[in-house]
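Subject: Structure handover

Hello,

Here is the structure I said I would pass on. My notes on it follow below.

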Amino acid sequence: MNKPDEELQLHLKARATETVSIKIPTDTLESLKKVAASRDMTVEALLKFYIGQSLRQDLAKLFSERVLESTAQVLARYIQSEDEVLTIIREIQAETIL
């Protein structure tokens with residue numbers, strides 16, 4: 001059985017990085033500094049967190065849109081009525097909205 005310390009170790013691969021420079025309004029940067037301090041993080045870590053979180057959401061949305069498009073194409077091969085296919089797709093969308 002693994003020791004408790006061994007179970008908590010993370011083995012992360014280093015990934016290539018690139019430095020990016022952006023202009024941020026001064027008041028926004030001050031707000032970022034306050035939020036970062038309240039989370040015991042650096043501003044850079046907080047920005048990476050925000051970017052990662054939003055990127056995952058956007059990628060998930062793109063993926064689900066692609067799945068719905070593929071589903072509509074498959075349904076269209078088996079169902080002759082375009083209205084019926086659209087009704088099914090809308091129902092799927094309504095069921096999957098959080």
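In which helix is the place of T28? T28 lies in α2, the helix of residues 26-38. Please keep in mind throughout that this is a predicted model.

Some single residues to start with. T28 has a relative accessibility of 35%. It is partly exposed because that value falls between the 20% and 50% cut-offs. T28 and I88 are 60 residues apart along the chain, and 44 Å separates their C-alpha atoms. Another pair of this kind is E82 and T17, which are 65 residues apart in sequence and 47 Å apart in space, C-alpha to C-alpha. E82 belongs to helix α4. With a relative accessibility of 60%, E82 counts as exposed.

D40 sits in the loop between α2 and α3. Most residues other than glycine have a negative phi. D40 is not a glycine, yet its phi is positive, at about 55°. Is D40 buried or exposed? D40 is exposed, since its relative accessibility is 73% and the cut-off for exposed is over 50%.

Next, the core. In soluble globular proteins, nonpolar side chains tend to be buried together. Here the largest nonpolar core has five residues: L68, L75, I79, V85 and I89. Two elements, α3 (43-78) and α4 (82-96), each give two or more residues to this core. As for I79, if residues up to four places away in sequence are not counted, I79 touches E84, V85 and I88. Of these contacts, V85 is also a member of the core.

Then the pockets. What is the volume of the largest pocket? The figure for the largest pocket is about 720 Å³. Its lining is made up of 16 residues, and those that lie nearest the centre are E18, E44, L47, K48 and I51. Sorted by class, the lining of the largest pocket holds seven nonpolar, four polar and five charged residues.

The second largest pocket contains about 410 Å³ of space. It is lined by 13 residues, with A60, K61, S64, T96 and I97 nearest its centre. The elements that give two or more residues to this lining are α3 and α4. Which element gives the most to the lining of the second largest pocket? That is α3, with eight residues. By class, the lining of the second largest pocket has six nonpolar, five polar and two charged residues.

Last, the aromatic rings. How many aromatic pairs does the count come to? The count is one aromatic pair. A pair of aromatic rings is described by the distance of the centres and the angle of the planes. The pair is formed by F49 and Y50, with 6.0 Å from centre to centre and 50° between the planes. It is classed as tilted because 50° is neither under 30 degrees nor over 60. F49 is partly exposed, with a relative accessibility of 33%. Y50 is also partly exposed, and its relative accessible area is 29%.

Regards

Note on methods. Residues are numbered from 1 along each chain as its sequence is written. This is a predicted model: local features need pLDDT of at least 70, side-chain atom pairs count only at pLDDT 80 or more; totals for chains, interfaces and linings use all residues. Side-chain values use heavy atoms; hydrogens and water are left out. A nonpolar core is a set of buried Ala, Val, Leu, Ile, Met, Phe, Trp, Tyr and Cys residues joined through side-chain atoms within 4.5 Å. Buried means under 20% relative accessible area, exposed over 50%, partly exposed in between (1.4 Å probe, protein chains only). Helices (H or I, at least four residues) and strands (E, at least two) are DSSP runs, numbered from the N terminus. Contact means heavy atoms within 4.5 Å. On a 1 Å grid over the protein atoms alone, a cavity is a set of points where a 1.4 Å probe fits but cannot get out, and a pocket is an open set with protein on both sides within 12 Å along at least five of seven lines; lining residues have an atom within 4 Å of a point. Grid points are joined across faces, edges and corners, and a volume is the space filled by probe spheres set on the points. Ala, Val, Leu, Ile, Met, Phe, Trp, Tyr, Cys and Pro count as nonpolar, Asp, Glu, Lys and Arg as charged, and the others, Gly among them, as polar. Rings of Phe, Tyr and Trp (its six-membered ring) pair if their centres lie within 6.5 Å; planes under 30 degrees apart count as stacked, over 60 as edge-to-face and the rest as tilted.
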